[in-house]
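Dear colleague,

I am passing on the structure we spoke about, and below it you will find my notes on what I found in it. Please read them with the model open beside you.

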Amino acid sequence: MLIKIYGAAVQGIDAIVVTIEVSVEPGVGFNLVGLPDTAVKESYQRTMTAIRQSGYDYPRRSVVVNMAPADVRKEGAAYDLPIALGILAASESFDAARLDGFMIMGELSLDGSVLPIRGALPMAIKAREQGFKGMIVPKANVTEAAIVDGIEVYGAGSLKQVVEFFNNQVQIEPTVVDTRARFDQACNVWDFDFADVKGQENVKRAFEVACAGGHNILLVGAPGSGKSMMAKRLPSILPPLTLHEALETTKIHSVAGKLKRGQTLMTGRPFRSPHHTISPVALVGGGTNPMPGEISLAHNGVLFLDEFPEFSRSVLEVMRQPLEDRTISISRARYSIDYPAGFMLVASMNPCPCGYYNHPAKECTCAPGAVQKYLGRISGPLMDRIDLQVEIMPVPFDELSSMQPGERSEDIRRRVIEARHVQTRRFAGEPGVYCNAQMTPRLQERYCRLDDAGMQVLRMAMNKFNMSARAYDRILKVARTIADLDGAADIGRHHVQEAVGYRNLDRDTWGLR
């Protein structure tokens, strides 16, 4: 008897339908075909034991399992449940009449219980697109998959429960999630607030400008000056995720297996902070079993790189293309995958190896030229993609001991959102451009025009500090964002002056004694 059951395979952050054909014929043996990896091939031992432990007889005949399309590699143990159901249905252990209407995925334990899987959300989206009536997933993944409207999602606890469900012996209620209500309830909740930060008003202002325009930012300061503390609070002043962005972000984390048990939709912008020993593959994604890397996990959020110069050169250089294109293409001999990578880069570093160059109280002990050499670990093309470079000084004792809280994240965020609304209207007819940092040269020429006073300020800064040509475009884009925060239609002289102040490292005198 031949039985067909439908599952899914994840490619990138999307899923494709996999048809699992099971045939039980006279003979002895178990054959699994359709380009399975090792974990799928090992399903024989798991499914056989799970079937017996669930109280059913494993057929003493030849079992052939084909997974189509045969040219797509099947990975992981998530095919255990549909394979086991196919074997039982093909041996007429239960009524298979309703199987066609369901997509089924789940890993089996030896006792027959159903274990969590990765990628339940993109699988549910594909099941709805293909017109399936329902989907059966492990209980641990049911709230994640139930985000998708228009399809009934059932949480399975065991193989026996699923068999009895198809035999109409037990009822499993579909899980219903009010996606909009949960999203609206949690999208304005965050763990850290800028009210906890004492002093550092200039750095807070730089963060506000960076968030308002989607600009990348580099913080340079001595140890203990508050770089990491403030960076962790950055998501609290970013605009809230839209429902589309939340769904896209959740898909990526679902594929990577990063969602917590019972979590539905991600409501906060991701904040990823990898250690400087990370490998290029872990950062950009890929591997033997392709997975999203840190830059994709930071999509629609923040990628924070602490101790920026300590990252290996190869790791830093692979970020140049995704910073520009907002996507990362992973090409290998057997596959090619595109992952989204629309993140905001926030980096921090000490000004020199000892950490105390330009410190008001401690003397730098580095040798002559060490500061420039340390900064030289970051290539010019990568530095070119960082719009704001801000030097941080330690907070004086009087401000540190003050009991008066700083400005709340909620107030800063309100101004950021207003500036983003201005940019949304400005770039409404420009596909792929959502904020000032993404402006093309054509858009920059249209929206970043300076009057005579502003051009004079920029000319004086370029000549006095001997700034490079790459700083010119960055200053114009940042000045446009500052004008948006002020509600100004045109870029003024003071907007250019503030933007020039955020280019500390472009000055040819920085780092020289």
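**Cores and helix packing**

In this predicted model, the largest nonpolar core has 70 residues, and those with the most contacts inside it are Leu85, Ile136 and Phe166. Helix α3 gives the most to this core, with eight residues. Apart from it lies another core, of 50 residues, which includes Ala212, Val302, Leu458 and Ala461.

Since α3 contributes the most to the 70-residue core, I looked at this helix in some detail. It spans residues 80-90, and eleven of its eleven residues are buried, so that α3 is mostly covered. The buried set runs through Asp80, Leu81, Pro82, Ile83, Ala84, Leu85, Gly86, Ile87, Leu88, Ala89 and Ala90, and thus takes in Asp80 as well as the leucines at 81, 85 and 88. After α3 comes Glu92, whose phi is positive, near 60°.

How does α3 pack against helix α6? The two helices, α3 and α6 (residues 159-166), pack at an angle of about 50°, with their axes 11 Å apart. The angle is neither under 35 degrees nor in the range from 65 to 115, and α3 and α6 are therefore oblique to each other. The crossing in which α3 passes α6 is right-handed. On the α3 side the contact is made by Leu81, Ala84, Leu85 and Leu88, and on the α6 side by Leu159, Val162, Val163 and Phe166. Sorted by class, this contact of α3 with α6 has eight nonpolar residues, with no polar and no charged ones. The spacing of such positions can be set beside a general point: an α-helix has 3.6 residues a turn, so residues three or four places apart point the same way.

Leu85 deserves a separate word, being one of the residues with the most contacts inside the largest core. Not counting residues up to four places away in sequence, Leu85 touches Leu159, Val162, Val163 and Phe166, and also Ile5, Phe94 and Ile104.

A second helix pair is α21 (residues 469-486) with α22 (residues 493-500), which pack at an angle of about 125°, their axes being 8 Å apart. These helices are therefore also oblique to each other, and α21 passes α22 in a right-handed crossing. Here Ile475, Val478, Ala479, Ile482, Ala483 and Asp486 in α21 meet His494, His495, Val496, Glu498, Ala499 and Val500 in α22. By class, the contact of α21 with α22 has eight nonpolar, two polar and two charged residues.

**Two buried residues**

Val153 sits in strand β9 (residues 152-156) and, at 0% relative accessibility, counts as buried. Its C-alpha atom is separated by 5.2 Å from that of Pro174, although the two residues are 21 residues apart along the chain. Leaving out residues up to four places away in sequence, Val153 touches Met135, Val137, Val142, Ala145, Ala146, Pro174 and Thr175.

Is Gln423, in helix α18 (residues 409-426), buried or exposed? Gln423 counts as buried, because its relative accessibility is 0%. Neighbours within four places in sequence aside, Gln423 is in contact with Ala212, Gly213, Tyr434, Cys435, Asn436 and Asp484. Of these, Ala212 is also among the residues of the 50-residue core.

With best regards

Terms used:
Residues are numbered from 1 along each chain as its sequence is written. This is a predicted model: local features need pLDDT of at least 70, side-chain atom pairs count only at pLDDT 80 or more; totals for chains, interfaces and linings use all residues. Side-chain values use heavy atoms; hydrogens and water are left out. Buried means under 20% relative accessible area, exposed over 50%, partly exposed in between (1.4 Å probe, protein chains only). Contact means heavy atoms within 4.5 Å. Axes are lines fitted to C-alpha atoms, for helices over the stretch in contact, and angles run from 0 to 180 degrees between N-to-C directions. Helices (H or I, at least four residues) and strands (E, at least two) are DSSP runs, numbered from the N terminus. Angles under 35 degrees count as roughly parallel, over 145 as roughly antiparallel, 65 to 115 as roughly perpendicular and the rest as oblique. A crossing is left-handed if the near helix is turned anticlockwise from the far one by less than a right angle, and right-handed if clockwise. Ala, Val, Leu, Ile, Met, Phe, Trp, Tyr, Cys and Pro count as nonpolar, Asp, Glu, Lys and Arg as charged, and the others, Gly among them, as polar. A nonpolar core is a set of buried Ala, Val, Leu, Ile, Met, Phe, Trp, Tyr and Cys residues joined through side-chain atoms within 4.5 Å.
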